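Here are some friendly notes to read beside the structure. Keep the viewer open and find each residue as it comes up.

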Amino acid sequence: MNKNKTTKNNITNITYEQIKENPEIKTFIQSGNEVLGILGYTDHSRVHAVKVAETAGKILKELGYSGKEIELAKIAGYMHDIGNSVNRHDHAHTGAIMAFQILRELGMDDKDTAVIVSAIGNHDEKTGTAVTPVSAAVILADKTDVRRNRVRNKDLANFDSHDRVNYAAIESRVTINKEKGTVHLDINLDENISSILDYFEIFLQRMLMCRRACELLNAKFKFTANGNKMA
């Protein structure tokens, strides 16, 4: 290992703020969001990237994880969707390879790079699962980002199922309780647009992924919709 890349005192040699301001990474996120817009997907812009990054960091911070793990989760969360700039199919694995190259060129410590690319490569519910605290936090942050303003289609008559569920989410929030060991997603849905049953039909696999992620963090995943405890 290059001695210039080693990290000490539980810190990273490349920070989240540096990654967030990196023009190359900004370009890949923007390009991926444009590709998904053409394909009819919800918003995957820097707004989503920042929200996932900061929620992932918040989860680990409030559960008592180290400063380094918090920073790595924020970096992985911000970069998790860059693979969409290539293709939506298998974007998690593509994004992990892209992140590997970018982080190596920036001089990030090898072990830190490995943690980040693993989190990115495992964030999609079709092919991944939580394997580290960092990956678990990214999964939870990504899969709980359900909100009305992610919907790009403005014609309700032409909404697909994902559009309806996201547009119906008037409000959603993630809270963490270290004492109880819980990560809680609380959603307020407009049931005139999409029912709670519709939500589960679309997002059941994601909610199960969140449960597995919480188990790895020695926590429990709780889900409430319109005041009803669902999990």
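Which residues does Lys-20 touch, not counting residues up to four places away in sequence?

1. Let us begin with that question, keeping in mind that this is a predicted model. Leaving out residues up to four places away in sequence, Lys-20 touches Lys-26, Arg-46, Val-50, Glu-54 and Tyr-78. You will find Lys-20 in helix α1, which covers residues 16-20. Lys-20 is buried, at a relative accessible area of 14%, and the cut-off for that word is under 20%.

2. Now step back to the whole chain. There are nine helices and four strands. Their order along the sequence is α-α-α-α-α-α-α-α-β-β-α-β-β, so try following that pattern with your cursor from the N terminus. The radius of gyration is 17 Å, close to the 17 Å that the globule rule gives for 231 residues, so the chain is as compact as a globular protein of that length. Along the principal axes, the C-alpha trace spans about 60 × 45 × 25 Å.

3. How much of the chain is covered, and how much is on show? Of the 231 residues, 49% count as buried. The chain exposes about 11,000 Å², and carbon and sulfur atoms supply 49% of that area. Please take care with these two percentages: one refers to residues, the other to exposed area.

4. Contacts tell you how the sequence folds back on itself. Take the contacts between residues at least 6 apart in sequence: 66% of them join residues at least 24 apart. As for charge, the chain carries 31 positive and 30 negative side chains. The centres of these two sets lie 5 Å apart.

5. Helix α7, residues 133-143, deserves a visit. This helix is mostly covered, with 10 of its 11 residues buried. Among them are Val-134, Ala-136, Val-138, Ile-139 and Leu-140, and the charged residues Asp-142 and Lys-143 are also on the buried list. What do the buried residues of α7 pack against? Their partners are the helices α3 (46-62), α4 (67-79), α6 (110-121) and α9 (196-216), together with the strands β2 (182-189) and β3 (220-225).

6. Next, look at the loop between β2 and α9, where Ser-194 sits. Is Ser-194 buried or exposed? Ser-194 is buried, with a relative accessible area of 1%. Not counting residues up to four places away in sequence, Ser-194 touches Arg-164, Val-165, Ala-168, Leu-189 and Tyr-199. Ser-161 is 33 residues from Ser-194 along the chain, and the C-alpha atoms of the two are separated by 8.6 Å.

7. For a contrast, turn to Leu-39 in helix α2 (residues 23-39). Leu-39 is exposed, with a relative accessible area of 52%; the word applies because the value is over 50%. The C-alpha atoms of Leu-39 and Arg-88 are separated by 9.1 Å, although these residues are 49 apart along the chain.

8. Finally, how many disulfides does the structure hold? The count is zero. Cys-210 is in no disulfide, and the nearest cysteine sulfur, that of Cys-214, is 7.0 Å away. A disulfide needs the two sulfur atoms within 2.5 Å, so a separation of 7.0 Å does not qualify. Cys-210 is buried, with a relative accessible area of 0%, and Cys-214 is buried with a value of 0%.

Key: Residues are numbered from 1 along each chain as its sequence is written. This is a predicted model: local features need pLDDT of at least 70, side-chain atom pairs count only at pLDDT 80 or more; totals for chains, interfaces and linings use all residues. Side-chain values use heavy atoms; hydrogens and water are left out. Buried means under 20% relative accessible area, exposed over 50%, partly exposed in between (1.4 Å probe, protein chains only). Helices (H or I, at least four residues) and strands (E, at least two) are DSSP runs, numbered from the N terminus. The radius of gyration is taken over C-alpha atoms; the globule rule is 2.2 Å times the number of residues to the power 0.38. Contact means heavy atoms within 4.5 Å. Accessible areas come from the Shrake-Rupley method with a 1.4 Å probe; for residues, only the protein chains shown count as cover. The place of a charge is taken as NZ of Lys, CZ of Arg, CG of Asp or CD of Glu.
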